[in-house]
Amino acid sequence: MFNKILIANRGEIAVRIARACRNMGIRSVAIYSKEDADSLHVQLADQRVCIGEGPAKNSYLNMDRIIMAAKNVGADAIHPGFGFLSENSEFVRRCEENGIAFIGPTAEVIDKMGNKSQARSTMMEAGVPVVPGTKEPVYDAEVGAKLAEEIGYPVMIKASSGGGGKGMRVAENPDEFEFQFNMAQRESANAFADDTMYIERFVQNPRHVEIQIMADTQGHVVALGERDCSVQRNHQKLIEESPSPAISAETREAMNRYAVLAAKTVGYTNAGTIEFIVAPTGEFYFMEMNTRIQVEHGVTEMVTGTDLIIEQIRVAMGEPLSFTQEDIELKGHAIECRINAEIPSMNFMPSPGVVTHMHLPAGNGVRVDSGLYAGYRIPSEYDSMIAKVIVHAPDRDAALRKMSAALDEMVILGVETNLDFQYQIIHHPVFVEGKADTGFIENIMHIK
């Protein structure tokens with residue numbers, strides 16, 4: 001049993017982890033930057049440690065300070081949340097070297113699945129369907145152009161260490177390839193200090209559907225159904241729902257089966273997500289694996305009746321999963337809208353500032369994960385997501401009505417948000433009909 005967990009994150013996920021620790025009778029420790037001194041996660045934790053100035057590189061990405069903080073307070077384990085150091089294998093090794101449990105997969109698995117090119121090769125060998133493309137890493141535009149001709153245009157050029165839409169470019173034809181390759185490679189080098197690229201056929205107008213898995217150290221792997229994350233802007237998810245309105249029961253069963261196979265192939269433990277793209281024709285392909293808890297994990301919790309954060313902690317303590325595959329049944333429908341402090345009419349420019357007043361929706365089947373409170377200053381140094389509104393209802397139509405009511409009720413004053421924009425999306429006929437693909441925002445709503 002862990003006695004004390006240090007939370008190496010901030011915002012709503014840090015609040016979520018602190019509450020899970022309290023529910024388990026485990027003491028929590030919040031780390032925070034000077035700009036986050038008044039954050040809700042700092043107030044909810046049992047202990048708190050300031051680890052530096054605002055920029056993430058000086059605080060939430062500073063391994064030395066985080067490890068030192070964990071040792072000084074006597075933490076048994078570190079929960080990384082998502083983002084920051086959650087998929088950093090060096091950080092995992094540093095935790096192990098200092099006798100601190102890392103609540104997540106091993107460093108070896110993160111290395112194997114975090115590198116997108118290597119993950120593709122591993123999945124190919126395991127028999128998991130993968131988008132046609134390169135098996136080996138690509139470093140040179142000239143070599144890449146020859147491989148792209150073999151794959152067939154259009155192609156997607158991707159950073160092996162990529163994430164969050166960085167280092168991704170589409171080349172429609174040979175004339176575009178060199179420019180797009182160099183742009184993607186430059187983005188990758190700047191964002192991830194890695195210029196390793198890979199190339200795959202660009203599947204046009206796909207759905208983005210991911211499978212949540214949990215695995216323990218006893219070799220049990222369970223798939224907890226899918227989340228449809230197709231509504232995106234610049235490869236950043238805006239709305240997630242479960243079950244997906246776009247796949248059949250047979251496809252769902254197959255995707256769950258392949259997700260379990262993928263996890264078992266690499267000896268995965270703890271929470272992870274196998275991401276697939278689904279072509280308009282119905283074929284689906286492995287895209288990547290996220291070796292951490294996801295922003296949208298609450299959607300899965302609502303339809304499966306599980307608590308994935310508590311399950312993560314239990315698995316990290318060496319306990320077996322508290323459920324089997326037979327226990328998992330998707331009940332009803334859940335939808336999540338990400339609420340960001342941004343101005344949609346000004347190209348979604350971030351809108352930091354003081355929240356002067358707020359009212360959060362509530363009621364049966366309505367959940368809001370947030371670190372907001374009236375008087376809180378949203379800093380400019382970090383991601384603009386400030387809340388997640390999640391609803392659960394017996395079916396999709398009822399869930400859409402409930403989400404509409406929740407967004408209508410929600411009030412945040414003092415900063416601009418994307419509340420109205422989310423309201424427009426969930427009322428758009430294409431989304432209501434369950435036909436929104438990854439090009440919906442750009443091609444249907446005509447927002448670049």
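Which helices and strands each supply at least two residues of the lining of the second largest pocket? Keep that in mind as you open the viewer, and remember that this is a predicted model.

**Stop 1: the second largest pocket**

Select α4 (89-97), β5 (101-102) and α11: each of these supplies at least two residues of the pocket's lining. The second largest pocket holds about 150 Å³ of space. Its lining is made of 13 residues, and those nearest the centre are Phe102, Gly104, Pro105, Thr106 and Thr269. Try colouring the lining by class: you should find seven nonpolar residues, five polar ones and one charged one.

**Stop 2: helix α11**

Now select residues 308-316, which form helix α11. Is this helix mostly covered or mostly open? It is mostly covered, with eight of its nine residues buried. The buried ones are Leu308, Ile309, Ile310, Glu311, Gln312, Ile313, Arg314 and Val315. As you look down the helix, one general idea may help: an α-helix has 3.6 residues a turn, so residues three or four places apart point the same way.

Next, show the side chain of aspartate 307, which caps the N-terminal end of α11. One of its side-chain oxygens lies 3.2 Å from the backbone nitrogen of isoleucine 309. After the helix comes glycine 318, with a positive phi near 95°.

**Stop 3: the cavities**

Rolling a probe the size of a water molecule over the atoms shows where empty space is left. How many cavities of 30 Å³ or more are there? The count is two.

The largest cavity has a volume of about 60 Å³. It is lined by 13 residues, and Arg207, Asp228, Val231, Glu241 and Phe431 are the closest to its centre. Select β10 (221-233) and β11 (236-242) here, since each supplies at least two residues of the lining. β10 gives the largest share, four residues. By class, this lining has six nonpolar, two polar and five charged residues.

The second largest cavity has a volume of about 30 Å³. Among the residues lining this cavity are His79, Ser86, Thr291 and Arg292. Phe102, Gly104 and Pro105 are also in its lining, and you met these three near the centre of the second largest pocket. Gln312, a buried residue of α11, lines this cavity too. The lining here has five nonpolar, six polar and one charged residues.

**Stop 4: two buried strand residues**

Go to glutamate 288, which sits in strand β13 (residues 284-290). Why does glutamate 288 count as buried? Its relative accessibility is 17%, and buried means under 20%. Beyond residues up to four places away in sequence, glutamate 288 touches Lys116, Thr273, Ile274 and Glu275.

Then find alanine 393 in strand β21 (residues 385-393). Alanine 393 counts as buried because its relative accessibility is 4%. Setting aside neighbours within four places in sequence, alanine 393 is in contact with Gly332, His333, Ala398, Ala399 and Lys402. You can also try a distance label between the C-alpha atoms of alanine 393 and alanine 254: they are separated by 25 Å, with their positions 139 residues apart along the chain.

**Stop 5: cysteines**

How many disulfides does the structure hold? It holds zero. Select cysteine 50: the nearest cysteine sulfur belongs to cysteine 95 and is 19 Å away. Cysteine 50 is partly exposed, at 36% relative accessibility. For cysteine 95, the nearest cysteine sulfur is that of cysteine 21, 15 Å away. Cysteine 95 is buried, with a relative accessible area of 0%.

**Stop 6: the backbone in the loops**

Zoom in on the bond between tyrosine 153 and proline 154, a cis peptide bond with omega about 0°. Proline 154 lies in the loop between α7 (141-151) and β6 (155-163). Another cis peptide bond joins serine 242 and proline 243, with omega about -5°. Proline 243 is in the loop between β11 and α9 (249-265).

Finally, select phenylalanine 84, in the loop between β4 (77-79) and α4. Its phi is positive, near 45°, although phenylalanine 84 is not a glycine. At 30% relative accessibility, phenylalanine 84 is partly exposed. Asparagine 347, in the loop between β15 (342-343) and β16 (349-350), also has a positive phi, near 55°. Asparagine 347 counts as exposed, at 58% relative accessibility.

Note on methods:
Residues numbered from 1 in each chain as written. Predicted model: local features only at pLDDT ≥ 70, side-chain atom pairs only at ≥ 80, totals over all residues. Heavy atoms only, no water. Buried < 20%, exposed > 50% of the residue type's maximum accessible area, 1.4 Å probe, protein only. Polar contact = N/O pair within 3.5 Å; in protein donor to acceptor, adjacent residues only side chain to side chain. 1 Å grid on protein atoms, 1.4 Å probe; cavity = no way out; pocket = protein on both sides within 12 Å on 5 of 7 lines; lining within 4 Å. Points joined across faces, edges and corners; volume = space filled by probe spheres on them. Nonpolar A, V, L, I, M, F, W, Y, C, P; charged D, E, K, R; others polar. Contact = heavy atoms within 4.5 Å. Disulfide = S-S within 2.5 Å.
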